[in-house]
Every structure is written in C-alpha cells, then in structure tokens.
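Biologist: Please take a close look at a single part of this model and explain how it is put together. Then say how that part connects with what lies around it.

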Amino acid sequence: MKRYFSLLLLPLAMSVQGQISSDSHLANSTTELMVQIYKHFDLSTIDTSFGPSITDDKKYLSDFYARDEISIHPNRLTIEEEDWFYSFDLKARGDFNNDGIEDIKIEMTDQALKGIYLTICEIVLTKLDEASDVVSISSSTLYKR
Ligand SMILES: [Ca+2]
C-alpha cells in the first residue's frame, strides 16, 4: 500500500506545528522509504559523483541500477560496484522544516574503491506533494577527502 505525503494544500491546522499527521508520512515502513529513494529520489538535487551522468530522463537510482544490483534493508540502501560504493543510511524521520510533512535525514556515502574519492554527507529529503519526486532540501558534508 502506498501512502505518500498529503498535499501541501491540505489544511495544516489538522497537524500541530512540529508534528506530522498520520497521512503525511513518506512511507509506512523504513524499508518502503528505501524503495522510495531507489525509485523516486531525484539525484540531481544533491551534489554527488552521479552528477555528470544525470539527464532529464536518467535521474533516479532505478535508472542506473536494476533492482537486483542494489541491496535494500530496513534502514539502509547500498550499491556495491567493482570500483564504487554507495550507501544511504536512514538517520532520522521527522519534520525538519516545520511544514507538517515528514522528512527523512539520510547519511550518504559516495566512495571510490580504487581511488581516494570519498564523500559522506547528510541530506534531508522530502516530497513536495504526493506526485512529486523525492528531493533534497538541505545537505551538509560530514567528511570529504
Ligand atoms: Ca517537512
């Protein structure tokens, strides 16, 4: 069962600021959250090694990897290639920008296995409405070499 955010236009009076109404969750389970990241996270909204490969028609992890090429766990999505490693770890769920709609905080690792490139960043993802992509609304670099 898919349960996305309610539309922004729904009366926010239904939810106390800082709390999230039950129909404003990104997904019911954390595994579903990881599937949302796989299928609907617009990678162009963050700065990663995917950057040069992203086009209008190719912007989701599901455009780059078949389902059996990634691993989805309840709080974690990983991609292991011969020369590259990506992970998306769920750190927190909550309404971090106080708009009544749930957001998720993800720690993303973007690492070359045969080079020195390594970036770990914390990103906050949300959906702006039920039909929209999952997008990043903030990001900060935790580690870079
Ligand atoms: Ca929010």
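**The sheet and what packs with it**

Modeller: Tyr86 has Asp110, a residue of E4, standing opposite it. That pair is a convenient place to enter the sheet, and everything said here concerns a predicted model. The two strands involved are E3, residues 84-94, and E4, residues 103-112; they run antiparallel and are joined by ten bridges.

The sheet as a whole is open and has six strands, in the order E1-E2-E3-E4-E5-E6, with antiparallel pairing. Its two edges are strand E1 (71-73) and strand E6 (134-144); each has a single partner strand, so one side of each has no neighbour in the sheet. From one strand to the next, the twist averages 20°.

For context, the chain has two helices and six strands. Read from the N terminus, the order of elements is α-α-β-β-β-β-β-β, with both helices ahead of the strands. The chain has 145 residues, of which 21% count as buried. If one takes the contacts between residues at least 6 apart in sequence, 44% of them join residues at least 24 apart.

From E4 the next step is to E5. A hairpin through five residues connects E4 to E5, and the two strands, which run antiparallel, are joined by eight bridges. Two of the residue pairs can be named. Gln111 has Leu118 of E5 as its bridge partner, and Lys105 is likewise paired with a residue of E5, Val124.

The step from E5 to E6 also goes through a hairpin, here of six residues. Strand E5 covers residues 118-127 and is joined to E6 by nine bridges, the two running antiparallel. Ile123 is bridged to Ser139 in E6, and Leu125 stands opposite Ser136 of that strand. With E6 the sheet ends, as this strand stands at an edge.

The connection between E3 and E4 holds one backbone detail. Asn98 lies in the loop between these strands. Its phi is near 55°, which is a positive value in a residue other than glycine. Asn98 has 12 other C-beta atoms within 10 Å, so it counts as exposed; the limit for that class is 12 or fewer.

Now to the packing. The largest nonpolar core has 17 residues, and those with the most contacts inside it are Leu33, Ile37, Phe41, Phe88, Ile104, Ile106 and Leu125. Two or more residues of this core come from each of H1, E3, E4 and E5. As a background point, nonpolar side chains tend to be buried together in soluble globular proteins.

Which residues does Ile104 touch, not counting residues up to four places away in sequence? They are Leu26, Leu33, Leu90, Arg93 and Leu125. Two of these, Leu33 and Leu125, are themselves named with Ile104 among the residues with the most contacts in the core.

Leu26 is found outside the sheet, in the segment before helix H1 (30-40). Why does Leu26 count as buried? There are 23 C-beta neighbours inside 10 Å of this residue, and the class begins at 20, so Leu26 is counted as buried. Leu26 is 99 residues from Leu125 in sequence, but the C-alpha atoms of the two are 9.8 Å apart in space. Leu125 thus recurs in three places: opposite Ser136 in E6, in touch with Ile104, and at that C-alpha distance from Leu26.

For contrast, take a residue of the helical part. Ile54 is found in the loop between H1 and helix H2 (61-64). It has 17 C-beta neighbours inside 10 Å, and so it counts as partly exposed. Leaving aside neighbours within four places in sequence, the contacts of Ile54 are Leu43, Ser44 and Lys59. Ile54 and Leu43 are eleven residues apart in sequence, with a C-alpha to C-alpha distance of 7.5 Å.

Terms used
Residues numbered from 1 in each chain as written. Predicted model: local features only at pLDDT ≥ 70, side-chain atom pairs only at ≥ 80, totals over all residues. Helix = DSSP H or I, 4+ residues; strand = E, 2+ residues; numbered from the N terminus. Contact = placed C-beta atoms within 7 Å. Pairing = 2+ DSSP bridges. Axes fitted to C-alpha atoms, helices over the stretch in contact; angles between N-to-C directions. Core = buried A, V, L, I, M, F, W, Y, C linked by C-beta atoms within 7 Å.
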